[in-house]
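These are my notebook entries on a structure that I looked up piece by piece. I wanted to begin at one residue beside the ligand and work outward from there.

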Amino acid sequence: MSNDHPIGIDFGGTGIKAAVVDLGAGDLASNREKIQTPQPATPDAVAEVFAELVGRFPASTSQVGVTVPGVVRHGIVHSAANIDPAWINTDADAVFTAALGREVHVVNDADAAGLAEVEYGAAKGQRGLVIVTTLGTGIGSALIHNGVLVPNSELGHLEIEGFNAESRAANSVREKEQLSWEDWAERLTTYYRAVERLFSPELFVVGGGVSKSSDAFLPLLDIETPIVAAQLRNAAGIIGAALVSSRASS
Ligand code: BGC
């Protein structure tokens, strides 16, 4: 059961969520277990939480995939825009593999969500370039061309009108500045227009917790490219992480 039922762990700013994933069905195969993100969320503190979460699932589920909200190359974290700076240059694959006593593969959070949406969700079967964005504390992005991910695109940090894009248009900014849907949609329009000018995608998929309110803001966007809400909602990171772990070890 372990090969097509890995554990996915989604490491977010407020919570760390984990579940066993049925890769055949593209769905969770267990309860979703959640623990609050420790503060400060240093690699060691987070690894402890992972160990506790993984301990809640049967030992037969040997593979584990983990998302991290930063640039990840060959298991090493290279950026920390919204997480503890101690992550920079941490070999997360090695730290988590040691903490959990089994093979762990780490992937950028938006890349995980993107892979899951293309494999099972809103962009299933879509050819050409799909750009999945996650609107949360920051803005995450996944570039997927004909099903193949170009990792670490980091389009949340594009400089647009002199600003780091996520500092104007992330969902956390909408909340902090108490923007109306209309005012936020204007900022999102500026953002997605800049991205479509650069990449001419076939489709945008919008994920992150706020995508459950997509009816309130997606129709207000004035852009050329079709844009739809993510389908896997808050399971996308978990499912994508599990997918990455299974691909990495096959
Ligand atoms: C980080 C990305 C991450 C995104 C969403 C950005 O600030 O740089 O790596 O995917 O936030 O969490």
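**Entry 1: Asn108 and the ligand**

I began with Asn108, which I count as buried because its relative accessible area is 5%, under the 20% limit. I note here that the model is predicted. Asn108 has its place in strand S8, and a polar atom of the Asn108 side chain lies 3.0 Å from an oxygen atom of the ligand. The Asn108 side chain also reaches the backbone nitrogen of Asp111, at 3.0 Å.

I then listed what touches Asn108 once its neighbours within four places in sequence are left aside, and found Val68, Pro69, Gly70, Val71, Val72, Ser141, Asn152 and Glu154.

Which residues surround the ligand? I found Pro69, Gly70, Ala81, Asn82, Asn108, Asp109, Ala110, Ile139, Gly140, Glu154, His157 and Glu166. For His157, a polar side-chain atom lies 2.7 Å from an oxygen atom of the ligand, and for Glu166 the corresponding distance from a polar side-chain atom to a ligand oxygen atom is 2.9 Å.

**Entry 2: Strand S1 and its partners**

I turned next to strand S1, residues 7-11, where 5 of the 5 residues are buried. In a regular strand the side chains alternate between the two faces of the sheet, so I checked the two sides separately. On one side I found Ile7, Ile9 and Phe11, on the other Gly8 and Asp10, and all of them are buried, so that both faces of S1 are covered.

How does S1 pair with strand S2, in the parallel or the antiparallel sense? S1 and S2 (residues 15-22) pair in the antiparallel sense over 5 bridges, and they form a hairpin with 3 residues between them. Within this pair, Phe11 stands opposite Ile16 in S2. With strand S5, by contrast, S1 pairs in the parallel sense over 4 bridges, and the bridge partner of Asp10 in S5 is Thr67.

**Entry 3: Helix H2**

For helix H2, residues 92-100, I recorded the buried residues as Ala92, Asp93, Phe96 and Leu100. They cover an arc of only 100 degrees around the axis, which puts them on the same side of H2. I then looked up what these buried residues pack against, and found helix H1 (43-54), strand S5 (64-68), strand S7 (76-77) and strand S8 (104-108). Just after H2, Gly101 takes a positive phi of about 65 degrees.

**Entry 4: The nonpolar cores**

In soluble globular proteins, nonpolar side chains tend to be buried together, and I ended by looking for such groups here. The largest nonpolar core has 29 residues, of which Leu135, Leu188, Tyr191, Tyr192, Phe217 and Ile227 touch the most other members. The elements that contribute two or more residues to this core are strand S9 (129-135), strand S10 (139-145), helix H6 (181-199), strand S14 (203-207) and strand S15 (227-229). H6 provides the largest share, 7 residues. Apart from this core lies another one, of 28 residues, with Ala47, Val72, Ala80 and Trp87 among them.

I followed Leu135 a little further, again leaving aside its neighbours within four places in sequence, and found contacts with Asn171, Trp184, Leu188, Tyr192, Val206, Gly207, Gly208, Gly209, Val210 and Phe217.

Conventions: Residues are numbered from 1 along each chain as its sequence is written. This is a predicted model: local features need pLDDT of at least 70, side-chain atom pairs count only at pLDDT 80 or more; totals for chains, interfaces and linings use all residues. Side-chain values use heavy atoms; hydrogens and water are left out. Buried means under 20% relative accessible area, exposed over 50%, partly exposed in between (1.4 Å probe, protein chains only). The arc is that of the directions from the helix axis to the C-beta atoms. Contact means heavy atoms within 4.5 Å. A nonpolar core is a set of buried Ala, Val, Leu, Ile, Met, Phe, Trp, Tyr and Cys residues joined through side-chain atoms within 4.5 Å. Two strands pair if DSSP finds at least two bridges between them. A residue is near a molecule or strand if one of its heavy atoms lies within 4 Å of it. A polar contact is a pair of N or O atoms within 3.5 Å; within protein, one must be able to donate a hydrogen and the other to accept it, and residues adjacent in sequence count only if both atoms are side-chain atoms.
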